[in-house]
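Please read the following report alongside the coordinates, which will be described from the overall fold down to a single helix.

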Amino acid sequence: MGKRNAAGVVIAAVLVLLLWGGAWRTPGSGPPPPPAVPASGSFDPLLDVDWLGADCWFEESWIDRLSFARSSCGWLYPSTRDSLGQRAALPVVILHQQRFRRPTSRATVYVMGGPGGSSWLSSEGIVGWTDWSHRLGLDHDLVLYDQRGTGYSQPPLECPELESLGWDQLDSDADRDALWAEYERVIKGCAEQIPSADRAAGLYSTATNARDLRELIASLKRDLGYQQISVYGVSYGTRLAMTALADAAVSVDAVVLDSLYPPGLDLVAPFADHFAAVIDAAGRHCIEQQRCAGSMQLRELLDRVLRRLGDHPQRFTVNAAWLQKPVTLRIDDAVMITLVEHAMYAAWDLADLHDMLSGSAEGNLEPWREVIEEWLWVSMDPDFDMLTLHAVECRDNPPLDPAVEAAALARQPSWASALRSPKRSFVLCEQLGVSPRPLTAAQFDIPVLALAAEFDPRTPVQPGVAALESYPHVQWLRLPITGHGLVDVDECAAQSTGQFLNRGGAHRVERCGAR
């Protein structure tokens, strides 16, 4: 989970919905519109890929051109149609390992987090994906695609008014309910682009996304000749992968679940309890490793900073990369707890976090400059679709229960002011016209490699361990570090994951070195 703001208190309200994995992202212009669905298509769904790469909408790197191991591009037209009978079109990119675009016998499908996260299928993004594949040491093709309502998928879901609102509210003195009222007004207006029948029926949901993923996997085998398929899911992508693979009809050799968000798990209402457990464990670890100077643990420092900023908010000016100009933020307790959460999500070192909190306890926010600028880059990213996020999360989960949140905040009273949700946030799904159909726990008999950073604030480890307890073929790789998306923040985890995928789940993962 990873993004978006509407000033600090609204960030706190939607923060734990955001499960976008990946440590890098790049903007870029989109592809041309997909071609019309061929009338002669004799099967449904249809995967239309040009092996020669002529349909690719991006320039390939000079390294790929010299090696002749280039990309193929196309579109998946899933069988699930909207209430008007129209198909979606999902862009698909295949990064080849062999020369002259010859497919390998095996392919790994990458399932992006979110919901609402783009797979960054621009020219700059493809360079990043090539580096990612090389970093893991993959010896086979990597398949990337955008889910419905994300990235370059068609039809697009757009809400530019939300981008403007986010920037406008950064320096606002309005209370959280007033800020949320503006957010609700804008997101409700944008939701009108989805027909009401499709919102009520869950066209944008994990169930639909899982059907699309199963059809992509089947089409890769049937239409493109791949013999073995593995799946790598990160963050929300783990929830999507688990839901898709619970269908015994889908044929997959192995799955990697990085930063686990299993179906049926509520991470929203009990966020205060989960975050407290992570902060406390991180603080103890830092002291035990003799890396955090002073007698105060992270939790004590954080509480001290929150009290100070709750009583006396500070304004701080930073450079906003998206706007290419300075912006001023009003930093109160809600924004600060969001910044701490982001720093842990983005794999900041615990000793550095301890030092930053020590300084801000005395009113010095300057050490937070880089964290704030990075957080703005992530939270204001136009490639992330908040409308898709709300549509999917509202469908997948039961209505938020204010009593559950109240109980969690009662157990963490020093954070209650910072994390208490706006009153109307509990009825947003009803306002958007999305009928809930909560997901249930999934299970399958496929080799699983589960990855976790012990101090990841977005996807706490223990609920993931419980979700996989009954799975027959699970290997865990857990490291005592911060970060979300272990493959992106640890070299050993990346190499172990690559070996697991290269051998179709037959590789026994060794422990990574102690930290």
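What follows covers the whole chain, then its sheet, then one helix that packs on that sheet.

The model is predicted, and the protein it describes contains 20 helices and 11 strands. Of its 515 residues, 60% are buried, while the accessible surface comes to about 19,400 Å², with carbon and sulfur atoms contributing 50% of that area. Among contacts with a separation of 6 or more, 79% join residues that lie 24 or more positions apart.

Nine strands form an open sheet with mixed pairing, in the order β1-β2-β3-β5-β4-β6-β7-β10-β11. Because β1 and β11 stand at the edges and each has a single partner strand, one side of each is left without a neighbour in the sheet. Neighbouring strands are turned against each other by 20° on average, direction ignored. Within this sheet, β6 and β7 pair in the parallel sense over five bridges, and V231 stands opposite V255 in β7.

Helix α3 packs on the sheet, and its direction makes about 140° with that of β5. The strands that α3 touches include the following four.

| Strand touched by α3 | Residues |
|---|---|
| β2 | 71-77 |
| β3 | 90-95 |
| β4 | 106-111 |
| β5 | 141-145 |

The helix also touches β6, which spans residues 228-234. With 14 residues (123-136), α3 reaches 21 Å from its first C-alpha to its last, close to the 20 Å expected at 1.5 Å a residue. Its buried residues are G125, I126, G128, W129, T130, W132, S133 and L136. After the helix comes G137, whose phi is positive, near 75°.

Technical notes. Residues are numbered from 1 along each chain as its sequence is written. This is a predicted model: local features need pLDDT of at least 70, side-chain atom pairs count only at pLDDT 80 or more; totals for chains, interfaces and linings use all residues. Side-chain values use heavy atoms; hydrogens and water are left out. Helices (H or I, at least four residues) and strands (E, at least two) are DSSP runs, numbered from the N terminus. The expected span of a helix is 1.5 Å times one less than its number of residues. Buried means under 20% relative accessible area, exposed over 50%, partly exposed in between (1.4 Å probe, protein chains only). Contact means heavy atoms within 4.5 Å. Accessible areas come from the Shrake-Rupley method with a 1.4 Å probe; for residues, only the protein chains shown count as cover. Two strands pair if DSSP finds at least two bridges between them. Axes are lines fitted to C-alpha atoms, for helices over the stretch in contact, and angles run from 0 to 180 degrees between N-to-C directions.
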